[in-house]
Amino acid sequence: MKITTWNINSVRLRLSSLARLITQVSPDIICLQETKVRDELFPVKDVEALGYPYQAISGMKGYNGVAILSKWPLIKIKTKVWCKKADCRHVFATINKKGVRPIEIHNFYVPAGGDIPDPEKNIKFAHKLQFLKEVAKWQESRRSSPSAQVLVGDLNIAPLPTDVWSHKQLLKEVSHTPVETKALEHLLLAGSWTDAVREIIPPEEPLFTWWSYRSKDYTKNNRGRRLDHIWITGTLKKHISEIDVFHATRGWEKPSDHVPVTITLAV
DNA sequence: ATGGTCGCTTGGCGA
């Protein structure tokens, strides 16, 4: 089972990129973030034609939006409201493929948090921390639920020193501040998750999934960050067969600033 | 230290 997560930054603008990704990676499940489209306008038919008839979508006009596209039936589709905002940042469902045990999959788009890493001065940063706190609390309360779970998404935090181009220079930048990386660690522990990507790619090795648009040539200084994650529960740990960060998309025409990350599970 | 670029919409916000 191949599961891909990708912050696509507008699903309508990048349908052809999605098609190209599918040709090259052929995932069973694709989790998108920043779809930026209301559900009524989601390109359901186009996505069906690409081979994904089962879709769990949660979108709004202009901002945010998440979607799970699947080759296999999705059951128990749900969304959650966090921080009392119905801002389409979390959709989850159970993958119900014949002959495979059900896997619950969570797709998150964590608030980016603005520019100033101080919750007193920056309401967006306060929102980000509150969001992580609420999700962690929820995870603690449902520890006994499905044993096979996957959590993916744009978590907007690069936790390890090797998840950013310069640990030292980014310690005061939103996405890599200690308060955020601690909050993410707390969430990871709260749900008893394993960082599947770092199980395969050694933590010593720099690894990025996002490069800012605000640079002429992203390859030149390689100033990236690992903001996109795949976490799994313990029972799936022994089934990881591959992790792929599909860097190529960042060099495509009209790229998203994030690249897809894929896990292959031998289930 | 600052500004740099996108996408959704057409002025300005969010990333």
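Two strands pair if DSSP finds at least two bridges between them. In this predicted model, strand E8 (residues 149–154) and E12 meet that condition: five bridges join them, and they run antiparallel. Leu 151 stands opposite Trp 231 in E12.

**The sheet around E12**

E12 has a further partner. Strand E9 (residues 193–195) pairs with E12 over three bridges, again in the antiparallel sense. Here Asp 195 is the residue opposite Trp 231. Trp 231 of E12 is thus opposite Leu 151 and also opposite Asp 195.

Strand E12 spans residues 228–233 and is mostly covered, with six of its six residues buried. In a regular strand the side chains alternate between the two faces of the sheet. In E12, Asp 228, Ile 230 and Ile 232 point one way. His 229, Trp 231 and Thr 233 point the other way, and all of these residues are buried.

E12 belongs to an open sheet of six strands, ordered E5-E6-E7-E8-E12-E9, with mixed pairing. E5 and E9 stand at the edges; each has a single partner strand, so one side of each lacks a neighbour in the sheet. The twist averages 20° from one strand to the next. Elsewhere in the sheet, strand E7 (residues 103–109) runs parallel to E8, joined by six bridges. Phe 108 has Gly 153 as its bridge partner in E8.

Two helices lie across strands of this sheet. Helix H3 (residues 123–141) crosses E6, E7, E8 and E9, at about 165° to E7. Helix H5 (residues 178–190) lies across E9 and E12, and its direction makes about 125° with E9.

**The sheet around E1**

Another open sheet of six strands has the order E3-E4-E2-E1-E14-E13, with mixed pairing. Its edges are strand E3 (54–58) and strand E13 (240–245); each has a single partner strand, so one side of each is left without a neighbour in the sheet. Neighbouring strands here are turned by 10° against each other on average, direction ignored.

Strand E1 (residues 2–7) pairs with strand E2 (residues 29–33) in the parallel sense, over five bridges. Trp 6 has Leu 32 as its bridge partner in E2. Helix H1 (residues 15–25) packs on the sheet and touches E1, E2, E4 and strand E14 (261–265). The direction of H1 makes about 155° with that of E1.

**Ser 70**

Strand E4 (residues 66–70) contains Ser 70. Is Ser 70 buried or exposed? Its relative accessibility is 0%, and the cut-off for buried is under 20%, so Ser 70 counts as buried. The side chain of Ser 70 reaches the backbone oxygen of Trp 72 at 2.5 Å. Leaving aside residues up to four places away in sequence, Ser 70 touches Asp 28, Ile 29, Gly 51, Tyr 52, Pro 53 and Tyr 54.

**Positive phi values**

Most residues other than glycine have a negative phi. Lys 76, not a glycine, has a positive phi of about 50°. Lys 76 is found in strand E5 (residues 74–79). With a relative accessible area of 57%, Lys 76 is exposed, because exposed means over 50%.

Cys 83 also has a positive phi, near 55°. Cys 83 is found in the loop between E5 and strand E6 (90–95). Its relative accessible area is 14%, so Cys 83 is buried.

**DNA strand B**

Which residues come nearest to DNA strand B? Of the 15 residues around the strand, they are Ser 10, Lys 61, Tyr 213, Arg 214 and Lys 254. By class, the surface near DNA strand B has seven charged, five nonpolar and three polar residues. Of the atoms of DNA strand B within 4 Å of the protein, 61% belong to sugar or phosphate; the rest belong to bases.

The table lists polar contacts with DNA strand B.

| Residue | Protein atom | Atom of DNA strand B | Distance |
|---|---|---|---|
| Lys 124 | side-chain N or O of Lys 124 | phosphate oxygen | 3.5 Å |
| Tyr 213 | backbone N or O of Tyr 213 | sugar or linking oxygen | 3.1 Å |
| Lys 254 | polar side-chain atom of Lys 254 | phosphate oxygen | 2.8 Å |

Lys 254 and Tyr 213 are also among the residues that come nearest to DNA strand B.

Notes: Residues are numbered from 1 along each chain as its sequence is written. Chains are lettered from A and ligands numbered from 1 in the order in which they are written. This is a predicted model: local features need pLDDT of at least 70, side-chain atom pairs count only at pLDDT 80 or more; totals for chains, interfaces and linings use all residues. Side-chain values use heavy atoms; hydrogens and water are left out. A residue is near a molecule or strand if one of its heavy atoms lies within 4 Å of it. A polar contact is a pair of N or O atoms within 3.5 Å; within protein, one must be able to donate a hydrogen and the other to accept it, and residues adjacent in sequence count only if both atoms are side-chain atoms. Ala, Val, Leu, Ile, Met, Phe, Trp, Tyr, Cys and Pro count as nonpolar, Asp, Glu, Lys and Arg as charged, and the others, Gly among them, as polar. Helices (H or I, at least four residues) and strands (E, at least two) are DSSP runs, numbered from the N terminus. Buried means under 20% relative accessible area, exposed over 50%, partly exposed in between (1.4 Å probe, protein chains only). Contact means heavy atoms within 4.5 Å. Axes are lines fitted to C-alpha atoms, for helices over the stretch in contact, and angles run from 0 to 180 degrees between N-to-C directions.
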